Amino acid sequence: MRGPAPAEAISGARRALPAGRQRWGVSSLRSARAGWRPFPAAAWDAASLRGFKFILLYKSLTAIMRLVILEDYDQASEWAAKYICNRIIQFKPSQGRYFTLGLPTGSTPLGCYKKLIEYHRNGDLSFKYVKTFNMDEYVGLPRNHPESYHSYMWNNFFKHIDIDPNNAHILDGNAPDLQAECDAFEKKIEAAGGIDLFVGGIGPDGHIAFNEPGSSLSSRTRLKTLAMDTILANAKYFDGDLSKVPTMALTVGVGTVMDAREVMILITGAHKAFALYKAIEEGVNHMWTVSAFQQHPRTIFVCDEDATLELRVKTVKYFKAYEEAEIIKST
């Protein structure tokens, strides 16, 4: 006997929400802060959002791994930015009550950062009471070097928003005692109350931050020697000169990210399709460190269609049906 269609099964299984898990719609988000308009009304009409599906939050997030599939990089970036924006607004940060955000570098999150800057400039989002912790930094590269992750974050994000520089935490790859720097970073995260939402990206080999294949899935912030594949991939940022590419980095561990209350991982492009397949369809494996997040209670993988090329058709259909069911329930 055939079972219910995926969307029906999902709807039936989760038709009734437990007490205290009311849905967060646009109106309730707006009422959370008087006069706040998360996005222009025009952004929500069918014509301007062809194929774009965005899920609003519940007050209490359900423990489930989600795969959100958008048409292209731009839509994936916008979805991720809106999700971050709504999480911050929902949290209602204030003096003494900071929202703590983990952040990545690289090419993938640039579109997301541009959208967050846009929301800030439109007056829809403030980072005044947000603390950030970045994933990694090269060792031995001057802070003001154009390819340092300090430079990346300030040029592409921080200098365009109202975050207090004292609340933007990035590892110091020039610290006199690198292990002490790593230990202090972990203590700062703990002192901040842990990370509410850790956003990450991955490499084609499935590594998150600089937790490359073979890294311990319980690892903490530490000094890491970079694999030759990573060095070769990064050479493009150093005029193709391998001698200029750093060979070591400080990085948060897989365990550090796993400790976050929620994790969102951005995966775009056909060159990362096999890594997404390993993250979603196969078991947890330290050779594909992103696979560890199958075991996190609140993980969201946000990807574009190109990144799904290695997934089974039924996997794609299942996750699309799940998101469509959520849209129906939130309308």
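A cavity is a set of points, on a 1 Å grid over the protein atoms alone, where a 1.4 Å probe fits but cannot get out, and its lining residues have an atom within 4 Å of a point. The model is predicted: local features need pLDDT of at least 70, side-chain atom pairs count only at pLDDT 80 or more, and totals for chains, interfaces and linings use all residues. Residues are numbered from 1 along each chain as its sequence is written, and side-chain values use heavy atoms, without hydrogens and water.

**Exercise 1.** Describe the lining of the second largest cavity.

*Solution.*
- Step 1: the volume of this cavity, the space filled by probe spheres set on the points, is about 30 Å³.
- Step 2: its lining consists of Tyr73, Ala76, Ser77, Thr108, Leu266, Ile267, Thr268 and Val302.
- Step 3: α3 (73-91) and β9 (263-267) each give two or more residues, and α3 supplies the largest share, three residues.

**Exercise 2.** Determine which strands form the edges of the open sheet β4-β8-β7.

*Solution.*
- Step 1: the three strands pair antiparallel in that order, where pairing requires at least two DSSP bridges between two strands.
- Step 2: β4 (136-138) and β7 (222-225) each have a single partner strand, so they stand at the edges.
- Step 3: four bridges join β7 to β8 (residues 248-251), and Arg222 has Thr251 as its bridge partner in β8.

**Exercise 3.** Compare the expected and modelled span of helix α10 (residues 313-330).

*Solution.*
- Step 1: the expected span is 1.5 Å times one less than the number of residues.
- Step 2: for 18 residues this gives 26 Å, and the end C-alpha atoms are 26 Å apart, which agrees.

Definitions and conventions: 1 Å grid on protein atoms, 1.4 Å probe; cavity = no way out; pocket = protein on both sides within 12 Å on 5 of 7 lines; lining within 4 Å.
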